[in-house]
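Visitor: Got a minute to go through this one with me? Let's start at the DNA.
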Protein chains: 2
Amino acid sequence: MTTPGFEHHDHASCISGSLEAVEKQCKDKGLRLTPVRKRVLEILLDEHRAMGAYDILDRLRAEGLGSQPPIAYRALDFLVKHRFVHKIERLNAFIACGHPGERHVPAFLICRSCDSVAEAHTDLTQGRLGDVARDAGFVIERTVVEAEGLCPKCQEEAA
Amino acid sequence: MTTPGFEHHDHASCISGSLEAVEKQCKDKGLRLTPVRKRVLEILLDEHRAMGAYDILDRLRAEGLGSQPPIAYRALDFLVKHRFVHKIERLNAFIACGHPGERHVPAFLICRSCDSVAEAHTDLTQGRLGDVARDAGFVIERTVVEAEGLCPKCQEEAA
DNA sequence: AGGGGTATTGATACAGTATAACAGTTATAT
DNA sequence: ATATAACTGTTATACTGTATCAATACCCCT
């Protein structure tokens, strides 16, 4: 399990790195990263935060790439299905994956004060829950792990 | 971590047991289990499945206990806040807690075919995620763990 | 190159989920 | 008793997500 980041980072290279990784994946697997899909991913990478579908739609609309909900939702469906973007169920929002291509069960730390979201990289929860599921005869296909609380910055401000 | 139940059980005593536990908790903590709140809990215990807020509202309406969304949502807010009911984020639905009063981090197994939900009883995920969060300086207050897949019954039917 | 099947986009309408705001009522604590 | 806080009732509206069908672009095959 790697540590998530509420800290600063080299954002430009983080964006281009993720985008390249996704493009490579799509090429390898024969997936079509169409203009709308690519742009939605770029918007999410650029904002580097969880965004609602309608926030994304507003940006698409401003760029003339489609203005109706299904445009955004379909692009998001594609990106989520292939794990390039994760949905934060707690927020009904979407965030670009921090490790596209790497097999992992994402876990998120969500600040209830500023809504910032950090992605943790783990495979352990799958194993844990897997034991319980096996006993019950349940086959897990996908796991949602989201922890809500206070990020370091908001703790300081609350103090 | 205890095993969840997709199996049959003595439902009448399961309902009365949970309800009594909640009533005792409310008495001990000075919480007000008002008629609407109690009825919403009873409905969820009775149905023993995840229900949408509007499904619950339909039943309240049929019983003359209030017909507008805030009535149901406010009762659910109370029940969720005090952990008598859990929200299944993946389904935008609510389910009565199987272990009211016992301190636990709930985890759910959600069948994508029949939407049945089983609650697993665990404290381990908190510890796991806790390590990651501690490294990041993040304070966890609440955790959502939801695994989606196929329940035993739907696996048979798919075969 | 042409043609047929599939995937994707565009557009309209609508369904489902949730909350803001304010007035009226009930319970609780001095 | 009465002041305070908590809860309920009601209206209106905001937010999130999907069904449907038509039009277009892509891909593979001959």
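Guide: The side chain of B:Thr34 has an N or O atom 2.6 Å from a phosphate oxygen of DNA strand D. Polar contacts here are pairs of N or O atoms within 3.5 Å. This is a predicted model: local features need pLDDT of at least 70, side-chain atom pairs count only at pLDDT 80 or more, and totals for chains, interfaces and linings use all residues. Side-chain values use heavy atoms, without hydrogens and water, residues are numbered from 1 along each chain as written, and chains are lettered from A and ligands numbered from 1 in written order.

Visitor: How far is the side chain of A:Lys87 from a phosphate oxygen?
Guide: 2.6 Å, again to DNA strand D. For B:Arg37, a polar side-chain atom sits 3.0 Å from a phosphate oxygen of that strand.

Visitor: How many residues are around strand D?
Guide: 16, and A:Tyr54, A:Tyr73, A:Lys87, B:Thr34 and B:Arg74 come nearest. Near means a heavy atom within 4 Å.

Visitor: Sugar-phosphate or bases?
Guide: Of the strand D atoms within 4 Å of the protein, 51% belong to sugar or phosphate, the rest to bases.

Visitor: Which helix gives the largest share of that surface?
Guide: Helix 4 of chain A, with 4 residues. Helices are DSSP runs (H or I, at least four residues), numbered from the N terminus. Helix 4 (69-81) of chain A and helix 4 (69-81) of chain B each supply at least two residues.

Visitor: Switching topic. What superposes chain A on chain B?
Guide: A rotation of 179 degrees with 0.0 Å of shift along its axis, RMSD 0.1 Å. That is a two-fold axis relation. The fit is least squares on C-alpha atoms with pLDDT of at least 70 in both copies.

Visitor: Which C-alpha of chain A is nearest the axis?
Guide: That of A:Val145, 2.3 Å away.

How values were computed: A polar contact is a pair of N or O atoms within 3.5 Å; within protein, one must be able to donate a hydrogen and the other to accept it, and residues adjacent in sequence count only if both atoms are side-chain atoms.
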